[in-house]
Amino acid sequence: MQGDELTRQVFLGRQAIFDVDRKVVAYELLYRMSAAAGDALTDNEDRTSHVMIDALMSIGLDRLVAGQRAFLNMDTASLLAELPLTLPPQRVVIEVLETVAPEPKVLAALRHLRDRGYRIALDDVVYQPALDPLLELAHIAKVDLPAIAAGQLADQVNALRRFNVELLAEKIETETQFEQTRELGFTLFQGYWLARPSTVSGKRGLMRREDVLSLLARLQDPSLQTSELQTLVSNNPGLSHRLLRYINSAMFYLPRRIDSIRQAVVLIGQRQIRQIASLLLLDGGETPPLELVRLTLLRARMCEQLAARLKLDADAAFTVGLLSTAELLVDQPLTQILADMPLSEATVQAICTHHGPLGQILAAVTHYETGNFDHPALVALAELDLTARYLEAVEFVESIMAASRG
């Protein structure tokens, strides 16, 4: 079965896992079987796991998690079938779902996987003595914060310290939760809160990011004239430098060096300049967390790809996705940020209320990110091969990141 066929059978996404320094050290893979048109999504976990493993084998782990470890959810049937053995142990962590009971056959399968070098994580842990056999075999315990009263978390940690497990705090929603769990000895963390900037220490950086977002929004205008595009680039030293470095790279095989912004603009074109401008979000100063930049660019690219396939304005869709995280990037109210940008009312409503065709695309993409694969906005677009679009967006983002490191 070919890769394109596989990706149409399963929704496949990722959610970042962070260390104490808020650096991404792994991704939990989110997956679910897709449905035929008009049908409900299937809940057959065993079948989904088989298709997910086949898809990973076809597309490759690096394409999805960019060199990081992947946490794979496994139910009882998948563990007994030892599905993870088809994947390299140094690249995956087997995440045992909370529905898995510590039956002798399950424990034997986990011992075999552990002996083969696989790391074991237990999902949604709320400690009870019945979990002891699983905890004896686990390397990581993912503690489900919403399921535990704040006053009982320390007792849960003390109970888990009897086992040789690393503690991962799931569903971090506030800075207070992050600090509390870190003080209790947690070393791994999961939750979209962690993609937010942890501190705001100066206005200069915030204004710079706002200017970058304004520039990116302006670059979406298809009626932008070459002369105005040249002026926009020339007035931004960071963009000018990156553009010249990019066009003089080995990628273009040019017979001579290009030192003119005008020539560079003509050779590159507006669309590629917009992508290069996205790198400015990674510049020094008040740099946002890398995972927030990844999320922003991935969302923008996926919105663009879906809009193109629906024959909608792909450039406007890129803007909608890009600016949907502006409140986090700039640390100002979203309505205030958008009011200062040259945007149509339809674009503003798509961003703020998910209204209109582009708003529905943004809703589908945001629900895809969180693994809410049965949301109506997402299901309505299922025939557009969402996983393939997601993987393409991931590759786009990683190429941007690589260009920045270069």
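## Burial and helix H15

A residue is called buried when its relative accessible area is under 20%. The structure described here is a predicted model, and this criterion is applied to helix H15, which spans residues 314-323. By that measure H15 is mostly covered, since 10 of its 10 residues are buried. They are Ala314, Asp315, Ala316, Ala317, Phe318, Thr319, Val320, Gly321, Leu322 and Leu323.

The N-terminal end of H15 is capped by Asp313. A side-chain oxygen of Asp313 lies 3.1 Å from the backbone nitrogen of Ala316. Two residues of the helix, Thr319 and Val320, are in contact with Thr347, when the neighbours of Thr347 within four places in sequence are left aside. Thr347 belongs to helix H18 (residues 345-353). Its relative accessibility is 8%, under the 20% limit, and Thr347 therefore counts as buried.

## Overall composition

The chain has 406 residues, of which 52% are buried. Its secondary structure comprises 21 helices and 8 strands. Among contacts with a separation of 6 or more, 64% join residues 24 or more positions apart. The chain exposes about 17900 Å², and carbon and sulfur atoms supply 50% of that area.

## Nonpolar cores

The largest nonpolar core contains 130 residues. Within this core, Leu12, Leu56, Leu72, Leu79, Ile273, Leu323 and Tyr368 touch the most other members. Helix H14 (residues 290-309) gives the most to this core, with 10 residues. Another core, of 8 residues, lies apart from it and includes Phe71, Val93, Ile140 and Leu168.

The surroundings of Leu79 can be listed in detail. Not counting residues up to four places away in sequence, Leu79 touches Met74, Ile94, Val96, Val100, Val106, Ala109, Leu110 and Leu113.

## The buried side of helix H7

Helix H7 covers residues 153-160, and its buried residues are Leu153, Gln156, Val157, Ala159 and Leu160. These residues lie on the same side of H7, because they cover an arc of only 160° around the axis. An α-helix has 3.6 residues a turn, so residues three or four places apart point the same way.

Which elements do the buried residues of H7 pack against? Three are strands, namely S5 (119-125), S6 (140-144) and S7 (166-170). The others are helix H6 (132-137) and helix H8 (175-183).

## A buried arginine in strand S1

Arg14 is located in strand S1, which runs over residues 10-18. Is this residue buried or exposed? Arg14 has a relative accessible area of 6%, which means that it is buried under the 20% criterion. The side chain of Arg14 reaches the backbone oxygen of Leu64 at 2.8 Å.

## Aromatic pairs

A pair of aromatic rings is described by the distance of the centres and the angle of the planes. The count of aromatic pairs comes to 6. One of them is formed by Tyr368 and Phe373, with 5.1 Å centre to centre and 70° between the planes. Planes over 60 degrees apart count as edge-to-face, so this pair is assigned to that class.

Both partners are buried: Tyr368 has a relative accessibility of 1%, and Phe373 has a relative accessible area of 2%. Tyr368 and Phe373 also belong to one aromatic cluster together with Phe11 and Tyr390. Tyr368 is, in addition, among the residues that touch the most other members of the largest nonpolar core.

Methods:
Residues numbered from 1 in each chain as written. Predicted model: local features only at pLDDT ≥ 70, side-chain atom pairs only at ≥ 80, totals over all residues. Heavy atoms only, no water. Core = buried A, V, L, I, M, F, W, Y, C linked by side-chain atoms within 4.5 Å. Buried < 20%, exposed > 50% of the residue type's maximum accessible area, 1.4 Å probe, protein only. Helix = DSSP H or I, 4+ residues; strand = E, 2+ residues; numbered from the N terminus. Contact = heavy atoms within 4.5 Å. Polar contact = N/O pair within 3.5 Å; in protein donor to acceptor, adjacent residues only side chain to side chain. Areas by Shrake-Rupley, 256 points an atom, 1.4 Å probe, with all protein chains shown as cover. Arc of directions from axis to C-beta. Phe/Tyr/Trp six-rings, centres within 6.5 Å; stacked < 30°, edge-to-face > 60°.
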